[in-house]
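Student: I'd like to learn how to read a structure like this one. Could you walk me through it?

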Amino acid sequence: MMFPLWALQVLVIGGIALCGVGVVTLIVFLIIDSKDKQIW
Amino acid sequence: MDVYLLLPSPFAATPILSARAGYILLALFGIVWVGLGIWWGRNARSYDGFAVAGRNVGLALATATAVATWITSNTTMLAPQFALQLGVWGAVAYSTASFGLFAFAPMSGRIRQLMPKGYTAVEFVRRRYGRLGSAPFLVISLFYAITWLISMSMAGGKLLNVLSGIPYEVGMTVVVSVCVLYTLFGGMYAVIGTDYIQSLIILFGLIVVAVAVLTQVEIADVHEKLATNRPMLLSMVFPAAVMALFNNMLFGFGEIFHSNVWWSRAFAMREGVGPKAYALGGVLWLPVPIVAGFLGLAAPALGIGISEPDTVGPLVAATLLGTGGAFLVFVVVFCSLASSIDSLLAATSDLVVNDVLEPWVPGGVSDARKRSWATYSIVGLGALAWVVAYQNVGTLATVLFFAGPLVGSCIWPIVGGLYWRRASPVAAGAAMVSGSLIGLLAYFTIGWFVGSLVGAAVSGIVFGIGSWRWPDRFDFASLAKLPAARDGVTDRPGNETEAGR
């Protein structure tokens, strides 16, 4: 039994999207933290 | 996350970048990183600032440091190889290491709440279980941290050599020196600050390379090529990969639960931030091995030679993106290495100061003296790593394999110690020693894939029986008081034990 194509697509596209979400999240969090002077 | 379990890599391939370009990049990053260390070091004059960044790290930096520290050079370099040799399950198995971060999320909040002035994991174990528990735990912690530090230093020399042709000794020396310097100046501030930048670079770099692959080849083509030529890689019942999945997960739990790299961050995060940061860090780390693994799976469809699977990721990037791709890979690998080496230097220095040296000084040690000890211990650890790594003994990395049973045997004593007042010193000490020994025996007699499993299982059984037979009645509130050496009281303040008598 093999991994279906859709499963591979979900893994790869989902993985790349999540990496993108990660970059955006970290930047947004830093902006919020810096506004509240909560970085450190 | 260090997955050396299946693939002790020889790292042998043709450089994708000229040595000159490699030296320029190393010099640039070295100057920037050390400069940032000096800049952030302004806040690290006290030991509290140096070791735990003032205990006030916010969500952005806290999340990023969890992501960056868990991404080692292995995550970016070996995940493609893992996928190429174990298929889709290989990449998925690697990503299960993020479960350790999820599991540690609530524990980090508990740690911060129980020990608001704590510094290390060993300090917790010493105050929770006394010397009976802390002696084996300190040995395991130091063994693991120092072996990991040396193997990361060696990986630095080898990877820079593979990527750019820079001689092993030069690359290793530069990576270790840069990390020692900025950690020395900036302490935990520099470690966490650079982790933020490094996590952005790594995630962004992976997206660029993966998107470049998708512009050249459809996922359907990759699937078709694999189904035709290497169907095993798409198999849903690939036994070795399924075993790797469970072993990696357990190794990940043990590695995170016991290591001071993660505890020191829990102490450094502002109250309430730890659980969110570690859970989010797990979510953001989860896709990294899968995306990196896809580079390995796509190589055959792209017509890229895979005679040297350990460098398939960089080869894919360099082939598709040319010099820019090679630059990107070099930077991503450098960041992956630095984010691990700096964390290990800082966290192991905390162990040396708080758990090796301080307990020997009656009446406690001043903040200034600890700050000074931290400086010497970071230089000493860097020198030790450099001296051993310079020998370039190929089999040394395999020593880290032994860590599986050792860290696996720490899972139950740590979890029980944090949440269960009946967990006793006798049970914890016996669990760690028996789990380590029998786990190692299983490792040598049966195979690597059972080392962590047996270590954790034996430790769990011994810990359960020990705590049932000789229960403790530990007072968790006592942990919030200043540690023994700092307030001149007993070694184990909450001890109302029946077992310790």
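Tutor: Sure. Keep in mind that this is a predicted model. Let's begin with a loop: B:A53 sits between α2 (47–52) and α3 of chain B.

Student: What is the phi of B:A53 near?

Tutor: Start with the general idea: most residues other than glycine have a negative phi. B:A53 has a phi near 50°, a positive value in a residue other than glycine.

Student: Is B:A53 buried or exposed?

Tutor: To judge that, count C-beta neighbours; 20 or more within 10 Å makes a residue buried. B:A53 has 31 C-beta neighbours inside 10 Å, so B:A53 counts as buried.

Student: Which residue in chain A has a positive phi, although it is not a glycine?

Tutor: Look at A:K37, whose phi is also near 50°. A:K37 belongs to the segment after α1 of chain A. Its surroundings are another matter: A:K37 has 8 other C-beta atoms within 10 Å, so A:K37 is exposed.

Student: What does chain A look like overall?

Tutor: Chain A has one helix and zero strands. Its C-alpha trace spans about 55 × 10 × 10 Å along the principal axes. Of the 40 residues in chain A, 30% are buried.

Student: How many residues does each chain put into the contact?

Tutor: Chain A brings 22 residues and chain B brings 35. On chain B's side, α3 (59–70), α8, α9 (219–229) and α13 (287–302) each supply at least two residues. The largest share there comes from α8(B), with eight residues. By class, the side of chain B that touches chain A has 27 nonpolar, eight polar and no charged residues.

Student: How do I read the packing of α1(A) against α8(B)?

Tutor: Check the angle and the distance between the axes. Helix α1 (residues 5–35) of chain A packs on helix α8 (residues 168–216) of chain B at an angle of about 145°, and their axes are 9 Å apart. The crossing of α1(A) past α8(B) is left-handed.

Student: Which residues of α1(A) and α8(B) meet?

Tutor: From α1(A), they are A:I16, A:C19, A:G20, A:G22, A:V23 and A:L26. Their partners in α8(B) are B:S199, B:L200, B:L203, B:F204, B:L206, B:I207, B:A210 and B:V211. This contact holds eleven nonpolar, three polar and no charged residues.

Student: Which residues does B:L206 touch, leaving aside those up to four places away in sequence?

Tutor: B:L206 touches A:C19 on the other chain, plus B:V288, B:V291 and B:A292. The largest nonpolar core has 189 residues, and B:L206 is one of those touching the most other members, along with B:M188, B:V329 and B:I341. Helix α14 (residues 312–357) of chain B gives the most to this core, 25 residues.

Student: How does α8(B) run relative to α15(B): roughly parallel or roughly antiparallel?

Tutor: Use the crossing angle again; over 145 degrees counts as roughly antiparallel. The axes of α8(B) and helix α15 (residues 367–391) of chain B cross at roughly 170° and come within 10 Å. The two helices are therefore roughly antiparallel to each other.

Student: And where do α8(B) and α15(B) meet?

Tutor: In α8(B), the contact includes B:E169, B:M172, B:T173 and B:V176. Among the residues they meet in α15(B) are B:G382, B:A385, B:W386 and B:Y390. The contact divides into ten nonpolar, four polar and one charged residue.

Methods. Residues numbered from 1 in each chain as written. Chains lettered and ligands numbered in written order. Predicted model: local features only at pLDDT ≥ 70, side-chain atom pairs only at ≥ 80, totals over all residues. Axes fitted to C-alpha atoms, helices over the stretch in contact; angles between N-to-C directions. Helix = DSSP H or I, 4+ residues; strand = E, 2+ residues; numbered from the N terminus. Left-handed = near helix turned anticlockwise from the far one by under 90°. Contact = placed C-beta atoms within 7 Å. Nonpolar A, V, L, I, M, F, W, Y, C, P; charged D, E, K, R; others polar. Buried ≥ 20, exposed ≤ 12 C-beta atoms within 10 Å, placed from the backbone. Core = buried A, V, L, I, M, F, W, Y, C linked by C-beta atoms within 7 Å. Parallel < 35°, antiparallel > 145°, perpendicular 65-115°, else oblique.
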